[in-house]
Amino acid sequence: MTIQRRTLLGATLAAPAVLSTGNAMAQARGPIRVAMAGPLTGANATFGAQMREGVQQAVTDLNAAGGVLGQQLALETGDDACDPRQAVSVANQLAGRQARVVIGHYCSGSSIPASKVYTEEGVLQISPASTNPRYTDEGAWNTFRTCGRDDQQGVVAGKYIAERFKGRRVAVLHDNSAYGKGLADETKKAMNAGGLTETLYAAYTPGERDYNAVVSRLKAANIDVIYLGGYHTEAGLIIRQAKEQGMNCTLIGGDALTTSEFWQISGAAGEGSMMTFPSDPRKRPQAAEVVARFKARNVEPEGFALYSYGATQIWAAAAAKANTVDPRRVAEAMKASGPWQTVLGPISFDRKGDVTVPDFVFYVWRNGAYAEMS
């Protein structure tokens, strides 16, 4: 193993791990099963694809470096389509396949019910994308995330809107999902605390193609700014149809807009749309070699790809630290040790399993691509 490869996979993996008797027995039974769960079909499949690419690249790199505790890793995948009931079914299937860790899910509405299964079945769960506070606030031993929370993201968004759009007419829309409504409500709370009260607060039905009725309400209320708590498909449709009705308004959303599919749906109407997301991990020096390997496969590691890679890195490093893949002991190591060196930079967890240093900033869409605002 080269020094360069050791650095990439984290300092904890640099030294050879000594196999315990239990680990040696596990090795004889076959590879360690690592799982990824998320929407591989449906409206949010683009994010599931990002997550799968991230975990697959991490598994490939770990296996090339000798695996974890001398064992190779095998990747299992589960498609929840961002449906809570399907997520529970997927969680049971992955637990039945003896996955030691699940990197997932994407939608908070899937992660929260699935976490109950993983808790009961003794599986570690690390979400790279679920931001609803309930996911970790419920206090399970096995729930972690490598992203921030809605009550952190909402503060950044709400404060910005209150300052930047003071005196303007703002609509707060949400899709009634755990993620969408949770983020909209946190943003609304922070915006109100900053002295700006919304003109309109309303829910829309996800999965439709025609939002002209919603847009007509926005137009009648002379809305200048639409804050949307929800996903990229509906965001793209709503801003496109708003511009088609002659509205001159700005769309602001959350981290669910971090996909090129948003622009494919919105077209030029998406120009100037903004969103919150952590500072671009693709530009961090710790990620340079991994990003190069993604691009060598013609994969752009946008959105949650590197958050999924980093989650897998942390699990592997914590397993090496604990000298076992037993989920409870790995979870204890994840909280007790750190910071863990990852493609996202150094990461530590608090007692709930949340990252200790959230990093939300604003991005803007220009000419079909999004970039961090200065």
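The dialogue below goes through a predicted model, from the whole chain to single residues.

User: What kind of model is this, and how are residues numbered?

Analyst: The model is predicted: local features need pLDDT of at least 70, side-chain atom pairs count only at pLDDT 80 or more, and totals for chains, interfaces and linings use all residues. Residues are numbered from 1 along each chain as its sequence is written, and side-chain values use heavy atoms, with hydrogens and water left out.

User: What does the radius of gyration say about the chain?

Analyst: The radius of gyration is taken over C-alpha atoms, and the globule rule is 2.2 Å times the number of residues to the power 0.38. For 374 residues a compact globule would have a value near 21 Å, and the chain agrees, with 21 Å. The C-alpha trace spans about 70 × 40 × 35 Å along its principal axes.

User: How much of the chain is buried?

Analyst: Buried means under 20% relative accessible area, exposed means over 50%, and partly exposed lies in between (1.4 Å probe, protein chains only). Of the 374 residues, 56% count as buried.

User: What share of the contacts comes from residues 24 or more positions apart?

Analyst: Contact means heavy atoms within 4.5 Å. Among contacts with a separation of 6 or more, residues 24 or more positions apart account for 68%.

User: How many helices and strands are there, and how is the open sheet ordered?

Analyst: Helices (H or I, at least four residues) and strands (E, at least two) are DSSP runs, numbered from the N terminus. The chain has 14 helices and 14 strands. Strands of a sheet pair through backbone hydrogen bonds, either parallel or antiparallel. Here two strands pair if DSSP finds at least two bridges between them. Seven strands form an open sheet with mixed pairing, in the order E7-E6-E8-E9-E10-E13-E14. Strand E7 (200–203) and strand E14 (369–372) each have a single partner strand, so one side of each is left without a neighbour in the sheet. The average twist from one strand to the next is 25°.

User: In which sense do E6 and E7 pair, and which helix lies across E6?

Analyst: Strand E6 (residues 170–174) pairs with E7 in the parallel sense, over four bridges. Leu173 has Ala202 in E7 as its bridge partner. For angles, axes are lines fitted to C-alpha atoms, for helices over the stretch in contact, and the angles run from 0 to 180 degrees between N-to-C directions. Helix H10 (residues 232–244) lies across E6, strand E8 (225–229) and strand E9 (250–253), and runs at about 160° to E8.

User: Is Thr259 buried or exposed, and what does its side chain contact?

Analyst: Thr259 lies in the loop between E9 and helix H11 (261–266), and is buried, with a relative accessible area of 0%. A polar contact is a pair of N or O atoms within 3.5 Å; within protein, one must be able to donate a hydrogen and the other to accept it, and residues adjacent in sequence count only if both atoms are side-chain atoms. The side chain of Thr259 makes such a contact with the side chain of Thr46 (3.1 Å). Not counting residues up to four places away in sequence, Thr259 touches several residues, including His232, Glu302 and Trp365.

User: Where is Thr41, and what does its side chain contact?

Analyst: Thr41 is in the loop between strand E1 (32–38) and helix H3 (45–64), and is partly exposed at 41% relative accessible area. Its side chain makes a polar contact with the side chain of Asp79 (2.6 Å). The C-alpha atoms of Thr41 and Ala81 are separated by 5.3 Å.
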